[in-house]
Structure formats: structure tokens, C-alpha cells
Amino acid sequence: MTNPPSASSGDTEAVPFDAHGIGPIPAESRDSTPTEQFWIWFGANLAPINWVLGALGIVLGLSLLETILVVAIGNVVGCALFGLFNVIGHRTAVNQMVLGRAAFGRRGSVVPGLIQGLLTMGWVGVNTWVVLDLALGVLAELGVEGGVVLKYVVAAVIMLTQLGLALYGFYAIRTFEKYTVPATAVVMVIMTIVALSQVSIDWTTGQATTTADKVTAITQLVTAIGVGWGISWIPYSADYSRFVRKDATDKSVFWAAAAGMYVPTVWLAVLGACLASAGNGGDPAELVIATFGVLAIPVLLLIMHGPVATNILNLYSCSLAALSVGVRATRWKVTLVAGAVASAVLVVFVSAHSFAHAFDHWMVSILVWISPWAAIVLVDFFVIHRGRLQVADLYRDDADSPYGSINKAGMVSLAFGILAGWAWQYGMVPVMQGPLARLMNNTDLSWLSGGLVAGVLYLALARRAAVAEPLGMAETAT
């Protein structure tokens with residue numbers, strides 16, 4: 001195993017190759033700082049998708065002020081939950097999908113692991129495809145036109161860059177984010193000032209005039225870019241915080257991760273809402289090109305940095321999810337396969353836009369599994385196990401591990417949580433629009449209904465099992 005440089009050698013040595021798989025990270029390899037964690041999550045969310053989602057509030061009929069309040073308050077909750085999962089990773093030095101074995105059992109945890117692995121691979125293709133039109137639009141502003149061939153060239157540059165970083169592993173990822181994100185943020189500050197100086201912001205106009213329509217718009221926005229945004233990143237969290245130095249405090253890890261998620265998400269969402277309120281619409285290409293056309297080159301760099309900073313996390317976490325469900329291979333080989341599959345998906349997307357849009361809508365809709373899963377893991381760690389796990393037991397075979405093969409309490413709670421989440425979800429495809437959502441004027445509180453049902457049910461079932469187990473042992477003894 002290749003160890004990273006010591007804390008004292010720091011940045012003066014070359015970035016080491018990350019040979020770690022899903023085993024607990026040994027103390028000598030944990031050299032990351034809370035500040036580096038901040039930049040990892042800041043970079044992952046400094047992406048065009050956030051200003052597009054911010055514009056969604058205006059598109060749904062909310063005023064600019066209402067949109068800003070929903071985004072700012074909703075992300076306090078979502079980012080705080082995200083920060084808690086980073087603390088779990090820091091305490092245990094274990095990746096997120098292996099941590100799920102405590103709540104779902106060794107074999108039971110294969111289910112969320114498979115879902116996470118497939119979704120992260122799909123997101124690599126989607127995230128790259130989404131920015132291609134933006135990049136080509138900005139290139140056209142510079143007088144560079146090349147049609148489909150140019151689109152494939154841009155896609156290949158982005159894909160090869162992100163695959164190379166993910167193959168090299170965590171230490172390359174944190175170095176990339178640490179050095180590129182601050183500079184990208186400075187560019188974005190300038191872009192923000194330029195954009196806001198060129199538009200006439202409308203603070204008051206909102207098309208949703210009735211209380212029912214406002215409630216619908218607020219719930220859909222909260223799910224898309226409020227509470228739901230932070231929750232959607234939870235399955236990745238411990239994969240990176242497991243590298244934080246042991247002597248870092250829980251408090252510092254929590255605030256670094258939560259702030260790294262909160263600042264860029266709210267910033268870009270508010271910017272997108274401001275632009276949309278001025279009548280620039282919600283289409284990403286129109287928003288970017290109409291506003292930043294005179295500064296096309298820095299915007300192009302920003303646009304291409306976004307998917308790279310995000311997808312290196314998708315590719316890395318995809319490989320860990322695959323290893324967690326039992327794939328027998330080294331991490332970098334699994335990453336290479338994931339990158340090849342994602343590239344094939346991207347080629348299909350480039351040649352079939354209608355399929356790509358439909359696939360994107362499905363990807364967004366099936367995120368409903370995350371809040372029930374997260375609620376169960378959170379209750380299991382902080383309530384059932386009181387904030388501590390026997391890490392070695394997470395890696396034992398089914399018969400030897402106290403967490404067992406399949407934890408029925410976890411699996412039953414997950415099933416009912418997903419059902420509750422679907423019932424109150426207003427997804428982007430008809431089959432993912434549940435009966436409660438339609439009955440309540442298309443509101444979407446899937447993250448809340450799914451999380452509450454799964455968390456409360458798991459707490460009840462786990463405590464019942466804990467009470468029944470000593471009784472069963474006593475009866476056996478007599």
C-alpha cells in the first residue's frame with residue numbers, strides 16, 4: 001500500500017497514488033484537513049446546475065425574495081444532515097456503503113450499495129452531457145464552431161480529465177479541488193458582479209398568487225435545491241471524511257463539510273433566481289450566454305470545471321460502492337470500468353437528446369431512496385449504537401458479524417420509507433408522481449415523509465429486537 005506524505009511534508013511532495021479500497025483508512029494515511037474537505041464539497045457544488053435550479057423558484061411562480069428564503073433556510077437543514085454523515089466517516093475511517101452494514105446487515109447493505117453504484121455511474125454521463133450545450137454555446141461566442149465533432153471533442157476532454165483524477169484516487173481529488181476551486185470561486189465572484197450589474201432584478205413579482213400554488217412551489221423547490229440538495233449528497237460523505245486526521249474535532253469536520261456544501265449551493269441558486277427574475281428565463285444556455293457573453297472564456301472554464309469537480313467524486317464513490325457489494329478487484333480497475341461505461345452512456349446521450357432528457361428525469365426521480373436510507377443509518381449510528389461502531393465487525397463474514405447477514409428491521413424500514421417517499425413525491429416522470437402528492441396539489445415532501453417513516457419505524461423495530469433478544473437468550477438458558 002502506498003502511504004501519503006506525512007503532515008509535516010505536506011504540499012512539497014508529489015501527490016501519492018491512493019491504493020486504498022474499502023478497508024478502514026489507517027491512521028498514517030489520514031492526512032486530510034477539515035479545510036480540504038471544505039474545498040472538496042465547495043468545488044462539487046460550484047456548478048451551473050445550481051443556478052439553473054435556483055431559477056426554478058421563479059419558474060414555479062415564487063417571487064425572488066420567497067425563492068431566496070426557501071433556498072437559504074432549506075439548505076441549513078440539508079447541509080446540517082450532510083455534515084453529520086461526514087462526522088460518522090471521520091470517527092470510523094470507513095466509507096459510506098460499508099457503514100450501512102451496521103443498519104442493514106452484510107448482505108442487506110448490498111441493495112443500497114448497488115443503487116449507489118449504478119446512480120453514480122449514470123450521473124457521470126448526465127453531468128457531462130448537461131454542460132456540453134453550454135460549452136458549445138460559449139465557444140460559438142468566441143467564433144469556434146464545429147457541430148457534433150466539436151461536441152465529442154469537448155466531451156472527451158472533460159471525461160479523460162475526470163477519469164484520470166478519479167483513477168489516481170482521493171489524494172489527487174483533494175489536491176485538484178484545493179488548488180482549482182479557490183481560483184474558480186474568484187472567477188465566479190466576478191461573474192456574479194457582472195451579471196447582477198447587467199440585469200434589472202425584480203424582487204416582488206411571482207406568478208403563484210394563491211396560497212395553494214405557493215405551497216406547491218415551495219415544497220417542490222425545497223426538494224430540488226433546499227433540504228433535498230444536501231440529502232442527495234449524503235451517500236458520498238464518509239468516502240472522503242474517512243481521510244481526515246484523527247486529531248481533528250467532530251465540530252471542525254461538521255462545519256467544514258456543511259459550509260462547503262451550503263455556500264456555493266445557496267450562492268449560485270440565488271444568482272440563478274436573480275437572473276431569472278429579470279426575465280432571462282430558466283434555460284441554462286440562455287441564462288449563461290445572455291448574461292456572460294462578453295466574458296466567454298472565464299465562463300467556459302467555469303462550465304468545464306463544474307462537471308470535472310463533481311464527477312471525480314461520482315467515479316471515486318462508484319468504485320467504493322462496487323467494492324462494498326462484493327466486487328473483487330482493485331479500486332482503480334473498478335474506476336476504469338465505471339469510466340468506460342459512463343463514456344458509453346455519454347456517447348448515447350450526445351446522439352439521442354430525447355433519451356438523455358428522459359434518463360435525466362428518471363435519475364432525479366429515483367433519488368427518493370436516499371432520505372429513508374439516510375434516516376435509518378443516522379438513527380442506527382447516533383441512537384442505537386450511541387455514536388460508536390465496532391469497525392472490525394463491519395468486515396466479518398455474515399455468521400461472525402454481530403450485524404448479521406440481513407437486518408430485517410433495516411430492510412423493512414427502508415421498504416416502507418421508500419413507499420412513503422414515493423407517495424408524496426412529484427417526480428419528473430408520471431410513474432414517480434405519488435397519490436399523496438397529486439392529492440395535495442402536486443406538492444413534494446418526499447424527503448420528509450420517506451425519512452420520517454423509515455427513521456421512526458427503524459427505531460421502533462430495532463428497540464423491539466433489542467428487548468426480544470435477551471428474553472430469547474433467557475428462555476434458551478432455562
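**Figure 1. Overall fold of the predicted model, with its contacts by sequence separation.** Among contacts in the protein between residues at least 6 apart in sequence, those joining residues at least 24 apart make up 85%. The model is a predicted one. The protein contains 20 helices and 0 strands. Of its 478 residues, 55% count as buried.

**Figure 2. Close-up of helix 2, residues 48-59.** The helix has 12 residues, and the distance from its first C-alpha to its last is 17 Å, close to the 16 Å expected at 1.5 Å a residue. Helix 2 is mostly covered, with 9 of its 12 residues buried. The buried positions are Pro48, Asn50, Trp51, Val52, Leu53, Gly54, Ala55, Gly57 and Ile58. After helix 2 comes Gly61, which has a positive phi, near 110°.

**Figure 3. Packing of helix 2 on helix 9.** The axes of helix 2 and helix 9 are 9 Å apart, and the two helices pack at an angle of about 170°. Helix 2 and helix 9 are therefore roughly antiparallel to each other, because an angle over 145 degrees counts as such. On the helix 2 side the contact involves Asn50, Leu53, Leu56 and Gly57, and on the helix 9 side Leu221, Ala224 and Ile225. By class, the residues of this contact are 5 nonpolar, 2 polar and no charged. Asn50, Leu53 and Gly57 of helix 2 are also in the list of buried residues.

**Figure 4. Packing of helix 3 on helix 9.** Helix 3 (residues 64-92) and helix 9 (residues 211-225) pack with their axes 9 Å apart, at an angle of about 45°. Helix 3 is therefore oblique to helix 9. The crossing of the two helices is right-handed. Helix 3 contributes Glu66, Thr67, Val70, Val71 and Asn75 to the contact, and helix 9 contributes Lys214, Ile218, Leu221, Val222 and Ile225. These residues divide into 6 nonpolar, 2 polar and 2 charged. Leu221 and Ile225 of helix 9, shown here, also meet helix 2.

**Figure 5. Surroundings of Asn95, in the loop between helix 3 and helix 4 (96-99).** Asn95 counts as buried, because its relative accessibility is 1%, and the cut-off for buried is under 20%. Not counting residues up to four places away in sequence, Asn95 touches Ile22, Ala238, Asp239, Arg242, Leu320 and Ser324.

**Figure 6. Surroundings of Arg174 in helix 8 (residues 170-198).** With a relative accessibility of 6%, Arg174 counts as buried. Residues up to four places away in sequence being left out, Arg174 touches Asp31, Ser32, Glu36 and Ile40. The C-alpha atoms of Arg174 and Thr33 are 9.9 Å apart, although the two residues are separated by 141 residues along the chain.

**Figure 7. Surroundings of Gly339 in helix 15 (residues 331-351).** Gly339 has a relative accessible area of 0% and is buried. Its contacts, leaving aside neighbours within four places in sequence, are with Leu163 and Leu315. Gly339 and Ile312 are 27 residues apart in sequence, and their C-alpha atoms are 10.0 Å apart in space.

How values were computed. Residues are numbered from 1 along each chain as its sequence is written. This is a predicted model: local features need pLDDT of at least 70, side-chain atom pairs count only at pLDDT 80 or more; totals for chains, interfaces and linings use all residues. Side-chain values use heavy atoms; hydrogens and water are left out. Helices (H or I, at least four residues) and strands (E, at least two) are DSSP runs, numbered from the N terminus. The expected span of a helix is 1.5 Å times one less than its number of residues. Buried means under 20% relative accessible area, exposed over 50%, partly exposed in between (1.4 Å probe, protein chains only). Axes are lines fitted to C-alpha atoms, for helices over the stretch in contact, and angles run from 0 to 180 degrees between N-to-C directions. Angles under 35 degrees count as roughly parallel, over 145 as roughly antiparallel, 65 to 115 as roughly perpendicular and the rest as oblique. A crossing is left-handed if the near helix is turned anticlockwise from the far one by less than a right angle, and right-handed if clockwise. Contact means heavy atoms within 4.5 Å. Ala, Val, Leu, Ile, Met, Phe, Trp, Tyr, Cys and Pro count as nonpolar, Asp, Glu, Lys and Arg as charged, and the others, Gly among them, as polar.
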